[in-house]
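Please open the model in your viewer with the sequence panel beside it, and keep the selection tool at hand. The stops below go from one element to a handful of single residues and end with the whole chain.

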Amino acid sequence: MNICVFLSAADLDERYTRPAREFAKLLGKGGHTLVWGGSDVGLMKVVADGVQEAGGRLVGVSVQFLSAKARPGVDEMVVARDLAERKKLLLEKADAVVVMVGGTGTLDEATEILELKKHGHTDKPVVLLNTAGFYDGLKEQFRRMEDEGFLPRPLTDLVFFAEEPVGALAYLEESRGVA
């Protein structure tokens with residue numbers, strides 16, 4: 001399975017890097033391919049290292065203004081013109097999506113895939129990996145949107161919240177009939 005991971009490129013502490021490494025190892029050992037933003041810095045590097053070390057493939061989609069940070073030695077690297085093209089290419093190359101901890105860029109990527117799912121433009125499974133409760137507030141906001149009629153589909157049709165890496169991958173494999 002080609003699994004797109006949206007995540008931060010920031011250098012983060014162990015409460016975020018440990019679960020990211022764990023997920024990466026599971027992804028690689030499962031024979032899956034990481035599709036990610038292509039950067040060789042921060043949490044993006046942690047995940048790419050873990051997948052590669054565990055025998056998985058790496059497919060990066062960088063963007064021109066960040067291409068100097070692109071990871072060398074990957075199976076495939078594409079450089080998009082801008083962020084909109086990058087998101088489009090990441091989603092085109094993916095069978096499923098995992099959203100890890102991140103900032104505004106990660107949130108932008110997450111809401112775009114959820115908007116596409118909401119309107120029936122994709123059926124790719126999406127998991128928010130809620131490391132250290134990072135997405136508790138967002139989860140609460142999504143539930144409020146559902147409760148107050150802002151979502152035309154049940155929240156569970158749009159996204160699965162996983163508290164641990166093993167649960168995230170298990171959900172994706174089950175959703176795609178890989179398990």
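Begin by selecting Gly55, which lies just after H2 and takes a positive phi of about 95 degrees. Before going further, note that this is a predicted model, in which local features need pLDDT of at least 70 and side-chain atom pairs count only at pLDDT 80 or more, while totals for chains, interfaces and linings use all residues. Residues are numbered from 1 along each chain as its sequence is written, and side-chain values use heavy atoms, with hydrogens and water left out.

**Helix H2**

Now select residues 42-53, the 12 residues of helix H2, where helices (H or I, at least four residues) and strands (E, at least two) are DSSP runs numbered from the N terminus. The expected span of a helix is 1.5 Å times one less than its number of residues, so H2 should span 16 Å, and the 17 Å between its end C-alpha atoms agrees with that.

How many of the 12 residues of H2 are buried? Nine of them are, so the helix is largely enclosed by the rest of the structure; here buried means under 20% relative accessible area, exposed means over 50%, and partly exposed lies in between, with a 1.4 Å probe and protein chains only. To colour the buried set, pick Gly42, Leu43, Met44, Val46, Val47, Ala48, Asp49, Gly50 and Val51. Then display what covers them, which includes helix H1 (14-29), strand S2 (33-36), strand S3 (57-63) and helix H3 (83-93), a contact being heavy atoms within 4.5 Å.

**Ser39, ahead of H2**

Step back to Ser39, in the loop between S2 and H2, where the relative accessible area is 3% and the residue therefore counts as buried. Leaving out residues up to four places away in sequence, Ser39 touches Met44, Lys45, Lys69, Ala70, Arg71 and Arg86, and one of these, Met44, is also among the buried residues of H2.

**Helix H3: Lys87 and Leu91**

Select Lys87 and Leu91 together, since Lys87 lies in helix H3 and Leu91 has its place there as well. An α-helix has 3.6 residues a turn, so residues three or four places apart point the same way. Lys87 counts as buried at 10% relative accessibility, and Leu91 counts as buried at 9%.

Which residues does Lys87 contact, leaving aside its neighbours within four places in sequence? The partners of Lys87 are Asp108, Glu109 and Glu112, whereas Leu91, under the corresponding exclusion, is in contact with Phe6, Val97, Ile113, Leu116 and Lys124. For a distance check, draw a line from the C-alpha of Leu91 to that of Lys139, 48 residues apart along the chain, and it should read 22 Å.

**Strand S1: Cys4**

Move to Cys4 in strand S1 (residues 2-6), which counts as buried at 0% relative accessibility. Apart from residues up to four places away in sequence, Cys4 touches Val35, Leu90, Ala94, Ala96, Val97 and Val98. Cys4 and Gly31, 27 residues apart in sequence, have C-alpha atoms 14 Å apart in space.

**Two exposed positions: Ala132 and Glu140**

Ala132 lies in the loop between strand S6 (126-129) and H5, and is exposed, with a relative accessible area of 54%. Its phi is near 55 degrees, a positive value in a residue other than glycine. Most residues other than glycine have a negative phi.

Continue into helix H5 (residues 136-147) and select Glu140, which is exposed with a relative accessible area of 60%. From Glu140 to Val99, 41 residues apart in sequence, the C-alpha separation is 16 Å.

**The whole chain**

Finally, zoom out to the seven helices and seven strands of the chain, which follow the pattern β-α-β-α-β-β-α-β-α-β-α-α-β-α along the sequence. The C-alpha atoms fill a box of roughly 45 × 35 × 30 Å, taken along the principal axes, and buried residues make up 47% of the 179 residues. Among contacts between residues at least 6 apart in sequence, 69% join residues at least 24 apart.
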